[in-house]
Amino acid sequence: MSSPIQAVRGMHDILPPSADDGKGFRSTHFQFVEDTVRRWLESYGYQEIRIPIVEDTALFKRSIGEVTDIVEKEMYTFADRNGDSLTLRPEGTAGVVRAAIEHSALRQSSHRWWYAGPMFRHERPQRGRYRQFTQIGVEAFGMPGPDIDAEVILLTARLWKALGLRHVALQINNLGSADARARFREALTEYLRAHEPQLDEDSRRRLNTNPLRILDSKNPQVQAVVGGGPTLLEFLDAQSKTHFDGLQKLLDLADIVYEINPRLVRGLDYYTGTVFEWVTTRLGAQGTVCAGGRYDGLVAQLGGPETPAIGFAMGVERLVELVKEEQSMPADPVPHAYCVAVGEEPAAQAMTLTEQLRAAVPGLRVTLHCGGGSFKSQVKRADKSGAPLALVMGESEVERGEVGVKFLREERPQIAVARADIAQWLAGWLVQRG
Ligand code: ATP
Ligand code: MG
């Protein structure tokens, strides 16, 4: 026999609790994060957009930037059967902007959109860094002021609260106008040239092509060099400064704690003005759980109308790791009741009964035993399911028009409830349970 095939390196299964062997991810953690985020996004007026997983390679080159980690070495790019160059999306903003332009959505005044789904980057897999990972992101179009920047940040702060995450800290910066960035680039290049021997190969190459990217290097030695250099904030133009001050004022008013990190630039070229990251120290080196900023030039750059915009993306796997770390998720949902039935007629009636109960009692989680077996083995399954109740259908219950209710987690004798009353009994039990 040949050996079993395994998942592709850096791509993981997200397992149901019953298959969780402690090594993989658990789907209920993802549901907790995704459901919570979705609920709050809707409450802020965000609407969902779904975009393809595959796009024209040129889209990412033009938006993310040729001289970036993503485009230079992380994209899954391939020629399809027609010979067209396609790429598995490494991030969501490019596709969302493309879609907005393609459907002429940006002629209307403003939009708040969100998306969720898998992204692909050929990185070195490690904790918190995968080759297929999940992002939830938002893009807000048509709003130029610091008000939307602040709202987006308040929204993320609310998310951490709702997810029970206490160990994330906010860093903000402002990248300034294109002019300011050009002047900064000059000063930075001059400084880094003087320290060239201490730079790594990537950074030395970028000195000529895209020196700002060096600020984003993950190499500690490069980071140390950069730490002694000039910062963007020293070059900030008046308009950006006013915007940045406005943002800080709104954050202060909302009691949001933040740190100004003058070396925060983000790894994609399209950012302008406000940038921010939420960082934790609890996940080792992969500490950024959410990152974003303004990209006021991107829409026009991709052929659309001049449109101010801001967005962010969060790494769902990293949030899930944090949720596990902080044990902030409520227990996995278990069935309320597990219905056991022995014999052909009781089993058939049990199916009708559970269908009726699902329709009649909103929120009731009831699992029907399938696959036969003795009463004893079925009750064992009921116990293993975690359900507090077993609903028992035997020959005698069927004959008497009753359902047996067995209490699996308390010392309490089994009771019999009339078939006509069982839905009401369960509804009452659910309410009492709170
Ligand atoms: P990093 O600096 O960690 O490489 P990034 O700046 O490349 O992150 P973004 O492109 O801004 O990340 O993506 C937003 C978020 O998506 C990140 O903050 C992170 O939480 C998550 N993320 C990015 N790359 C990965 C990955 N390879 N595996 C898991 N999550 C990721
Ligand atoms: Mg990266």
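A polar contact is a pair of N or O atoms within 3.5 Å; within protein, one must be able to donate a hydrogen and the other to accept it, and residues adjacent in sequence count only if both atoms are side-chain atoms. The model is predicted, so local features need pLDDT of at least 70 and side-chain atom pairs count only at pLDDT 80 or more, while totals for chains, interfaces and linings use all residues. Residues are numbered from 1 along each chain as its sequence is written, chains are lettered from A and ligands numbered from 1 in the order in which they are written, and side-chain values use heavy atoms, with hydrogens and water left out.

**Exercise 1. Describe the chain as a whole.**

Solution. Start with secondary structure: the chain has 15 helices and 18 strands. Helices (H or I, at least four residues) and strands (E, at least two) are DSSP runs, numbered from the N terminus. Next take the extent: the C-alpha trace spans about 90 × 60 × 40 Å along its principal axes. Last comes burial: of the 434 residues in the chain, 49% are buried. Buried means under 20% relative accessible area, exposed over 50%, and partly exposed in between (1.4 Å probe, protein chains only).

**Exercise 2. Locate the polar contact of Thr307 and state whether Thr307 is buried or exposed.**

Solution. Thr307 belongs to the loop between H10 and S13. A polar atom of the Thr307 side chain lies 2.6 Å from the backbone oxygen of Pro305. With a relative accessible area of 5%, Thr307 is buried.

**Exercise 3. Which residues and elements surround ligand 1?**

Solution. Step one is the shell, which holds 17 residues; the closest are Arg121, Glu123, Lys218, Arg266 and Thr288. A residue is near a molecule or strand if one of its heavy atoms lies within 4 Å of it.

Step two is composition: the shell divides into 7 nonpolar, 4 polar and 6 charged residues. Here Ala, Val, Leu, Ile, Met, Phe, Trp, Tyr, Cys and Pro count as nonpolar, Asp, Glu, Lys and Arg as charged, and the others, Gly among them, as polar.

Step three is the contacts with oxygen atoms of the ligand. A polar side-chain atom of Arg121 is 2.8 Å from an oxygen atom of ligand 1. For Arg129, an N or O atom of the side chain is 2.9 Å from a ligand oxygen. Val289 takes part through a polar backbone atom, 3.5 Å from an oxygen atom of ligand 1.

Step four is cover: on its own, ligand 1 has 590 Å² of accessible area, and the protein covers 92% of that. Accessible areas come from the Shrake-Rupley method with a 1.4 Å probe; for residues, only the protein chains shown count as cover.

Step five is the elements: strand S8 (132-141), strand S12 (288-294) and strand S13 (309-315) give two or more residues each to the shell. S12 gives the most, with 4 residues.

**Exercise 4. Classify the ring pair of Phe141 and Tyr295.**

Solution. A search of the whole structure finds 10 aromatic pairs. Rings of Phe, Tyr and Trp (its six-membered ring) pair if their centres lie within 6.5 Å; planes under 30 degrees apart count as stacked, over 60 as edge-to-face and the rest as tilted. The centres of the Phe141 and Tyr295 rings are 6.4 Å apart and the planes stand at 85°, so the pair is edge-to-face. Phe141 lies in strand S8 and Tyr295 in the loop between S12 and helix H10 (298-301), so the pair ties together parts 154 residues apart in sequence. Phe141 and Tyr295 are both buried. The two also belong to one aromatic cluster with Trp113, Tyr270 and Tyr271.

**Exercise 5. Which residues other than glycine have a positive phi, taking Ser104 and Asp255 as cases?**

Solution. Most residues other than glycine have a negative phi. Ser104 has a positive phi near 50°. Ser104 sits in the loop between helix H4 (93-102) and strand S7 (111-120), and is partly exposed at a relative accessible area of 31%. Asp255 has a positive phi of about 60°. Asp255 is in the loop between helix H9 (238-253) and strand S10 (258-260), and counts as exposed at 67% relative accessibility.

**Exercise 6. How far apart in space are Ala178 and Gly297?**

Solution. Ala178 is found in helix H6 (residues 178-194) and is exposed, with a relative accessible area of 55%. From C-alpha to C-alpha, Ala178 and Gly297 are 9.8 Å apart in space, with their positions 119 residues apart in sequence.
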